[in-house]
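Reader: Hello! I would like a close look at one part of this model, please.

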Amino acid sequence: MKIRTVIKILLVIAGALCVLSTAMQWPELELYTKPATVPLFFMLYWFNVKKIDGLFLVILLLCFLGDIFLLTEVQNSFIYVLLSYTICYLILFYYLCKNYKPIDYNNTDIGYLVVFFVAWTFIVYEIYDVTEEAMGDIKPFGMGYIIILYLLLIGAVFHYVNVRSSKSLWFLIAILNFVISDSCFALNKFYIASLEFEIINSIYQLLAVFFLVQFKISSPVPLKLREL
């Protein structure tokens with residue numbers, strides 16, 4: 001059996017145990033299984049590229065640290081979680097700039113982008129509106145985090161519509177998964193505590209890192225179809 005296949009099997013098992021531990025409220029199991037996923041994602045990345053990107057390893061490390069801070073009782077651990085993922089998202093802006101191509105939108109593209117921009121702005125405002133009061137002292141950090149993620153998804157969508165490569169598609173899907181994961185986390189923590197939100201957060205957080213790896217190992221060649 002190929003090493004890549006073994007890693008994927010281990011990832012499925014670890015991911016399933018993470019979701020199960022969340023669904024069944026078994027923090028002891030989550031404490032051991034969740035931190036194991038990022039090293040497995042690193043191995044999946046390592047065995048699929050010829051040259052390691054050091055900056056991408058920093059992103060994986062920050063995701064790993066975010067998990068550790070979230071699972072431990074360290075003082076101000078939630079601030080460290082926000083800081084870890086904030087730095088992670090700021091680094092992802094670098095990849096948007098690095099893969100920038102001259103803008104080439106047609107009228108259909110512009111129409112889709114306008115609809116997306118209005119809808120996404122409304123969604124972000126609604127999430128902020130129902131969570132900002134409960135944020136308390138960390139409200140400035142929360143606002144900064146929301147703005148960064150808001151701009152990152154806009155950048156990912158605009159870049160994909162402009163480039164339409166498999167690499168830009170995986171990047172967009174990864175950011176979308178981070179958005180879903182973080183939104184459910186915020187709603188669960190600052191709006192309504194819900195096991196469903198916790199499960200969705202657990203699933204999409206794992207998918208987000210997986211799709212980031214796919215982004216790094218995929219081809220930058222544009223897709224054949226230019227129309228959405």
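Reader: How do the residues of the lining of the largest pocket divide into nonpolar, polar and charged?

Author: Happy to help! This is a predicted model, where local features need pLDDT of at least 70, side-chain atom pairs count only at pLDDT 80 or more, and totals for chains, interfaces and linings use all residues. Residues are numbered from 1 along each chain as its sequence is written, and side-chain values use heavy atoms, with hydrogens and water left out.

The lining of the largest pocket divides into nine nonpolar, eight polar and five charged residues. Here Ala, Val, Leu, Ile, Met, Phe, Trp, Tyr, Cys and Pro count as nonpolar, Asp, Glu, Lys and Arg as charged, and the others, Gly among them, as polar. A pocket is an open set of points on a 1 Å grid over the protein atoms alone, where a 1.4 Å probe fits, with protein on both sides within 12 Å along at least five of seven lines; lining residues have an atom within 4 Å of a point.

In total, 22 residues line this pocket, and Glu30, Leu70, Leu71, Phe185 and Glu198 lie nearest its centre. Its volume is about 570 Å³, taken as the space filled by probe spheres set on the points, which are joined across faces, edges and corners. At least two lining residues come from each of α1, α2, α3, α4, α7 and α8; these helices are DSSP runs (H or I, at least four residues), numbered from the N terminus.

The second largest pocket has a volume of about 240 Å³. Its lining has 14 residues, with Tyr45, Asp53, Lys98, Lys167 and Lys216 nearest the centre. By class, six are nonpolar, three polar and five charged. α8 gives the largest share of that lining, three residues.
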